Amino acid sequence: MRLEGNGLAYRHGRGPWLFRGASLSVGEGELVGLSGPSGCGKTTLARLLAGFERPLEGRVTIGGRPIPDRGYCPVQLVLQHPEQAVNPRWRIKRTLTEGWRPGPDMLDALGIQPGWLERWPSELSGGELQRICIARALGPDTRFLISDEMTTMLDAITQAQIWNAVLDIAGKRGLGVLVVSHDAGLLSRVCDRVVRWEELAAPSSSPQAQGGINRASLETERP
Ligand SMILES: Nc1ncnc2c1ncn2[C@@H]1O[C@H](COP(=O)(O)OP(=O)(O)OP(=O)(O)O)[C@@H](O)[C@H]1O
């Protein structure tokens, strides 16, 4: 099974195209990095691949079929700011079990303490809350994980703990992982292959992108 984006294009309203003709393919068990300048459109691309938004051109498929728009999504996206990804009026337990019910093994692997579950989101640190968001994203029906600066705001030790756990789970379950980050060190440590944004699409201010004639391709196959 592969997560594929083919000929993707997106722009906000009538603004400039962020990218056009962008194609991406991540297979089971593949760990692919994506780096690029701030504001170029990486998060937007991640949102298209996870089915949060529809591309204006092109299509996203998983196993050759459109991403289901109901039920648990097999492509899960974890964003940089966990406090923006949870309902502040829900206790942690409710957020954690929103899509599935993580067992003690998962909680243990991610260093989630049982005492956190009765608290409110504002009563956890950013790193603790991010662990909750990651556990929520790793349900048994997850096939692909997209990490968009998932550990950027965390200290090096916490970052390493979280990535060790995520990579262990991904390896055991054959998850495909797309790692979006500015952190070249993280990408080189975690990923089999790193793709630069420049290889994907021309910047929005370029005549190519404005005219929509660029045919950039994001190649994520293993060599
Ligand atoms: N709702 C919106 N309306 C208009 N423009 C938007 C909207 N959301 C995002 N943008 C713009 O789209 C561009 C791409 O944003 P995006 O978050 O995808 O970039 P990014 O590459 O992930 O950036 P960073 O690396 O800083 O996180 C940015 O210039 C941003 O200002």
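The exercises below, each with a worked solution, concern a predicted model.

**Exercise 1. The sheet**

Determine in which order the five strands of the open sheet are arranged, and which strands stand at its edges.

Solution. Begin with the pairings of strand 3 (residues 31-35), which joins strand 8 (residues 176-180) in the parallel sense over four bridges and strand 9 (residues 193-196), likewise in the parallel sense, over four bridges. Individual residues fix the register of these pairings: Leu31 stands opposite Val177 in strand 8, while Ser35 stands opposite Arg196 in strand 9. Next, strand 7 (residues 144-148) pairs with strand 8 in the parallel sense over five bridges, and here the bridge partner of Leu145 is Val177. The complete open sheet has the order 6-7-8-3-9, with parallel pairing. Strand 6 and strand 9 each have a single partner strand and therefore stand at the edges, with one side of each left without a neighbour in the sheet. From one strand to the next, the twist averages 20 degrees.

**Exercise 2. Strand 3 and the nonpolar core**

Establish how many residues of strand 3 are buried, and find which residues Val179 contacts beyond its neighbours within four places in sequence.

Solution. Five of the five residues in strand 3 are buried. Taking the two faces in turn, Leu31, Gly33 and Ser35 are buried on one side, and Val32 and Leu34 are buried on the other. Turning to Val179, its contacts outside that sequence window are Leu31, Val32, Gly33, Ser147, Leu187, Val190 and Cys191. In the largest nonpolar core, which has 58 residues, Val179 is among those that touch the most other members, together with Leu49, Val75, Ile134 and Ile146. Helix 4 (residues 126-137) gives the most to this core, contributing six residues.

**Exercise 3. The status of Leu79**

Explain why Leu79 counts as partly exposed, and locate this residue in the chain.

Solution. Leu79 is found in the loop between strand 6 (75-78) and helix 2 (92-96). Burial requires 20 or more other C-beta atoms within 10 Å, whereas 12 or fewer would make a residue exposed. Leu79 has 19 C-beta neighbours inside 10 Å, and therefore counts as partly exposed. Its contacts, leaving aside neighbours within four places in sequence, are Gln84, Ala85 and Asp148.

**Exercise 4. The ligand shell**

Identify the residues around the ligand and divide them by character.

Solution. The shell consists of His12, Leu18, Gly36, Ser38, Gly39, Cys40, Gly41, Lys42, Thr43 and Thr44. Sorting these residues gives two nonpolar, seven polar and one charged.

Notes
Residues numbered from 1 in each chain as written. Predicted model: local features only at pLDDT ≥ 70, side-chain atom pairs only at ≥ 80, totals over all residues. Core = buried A, V, L, I, M, F, W, Y, C linked by C-beta atoms within 7 Å. Contact = placed C-beta atoms within 7 Å. Pairing = 2+ DSSP bridges. Near = placed C-beta within 6 Å. Nonpolar A, V, L, I, M, F, W, Y, C, P; charged D, E, K, R; others polar. Axes fitted to C-alpha atoms, helices over the stretch in contact; angles between N-to-C directions.
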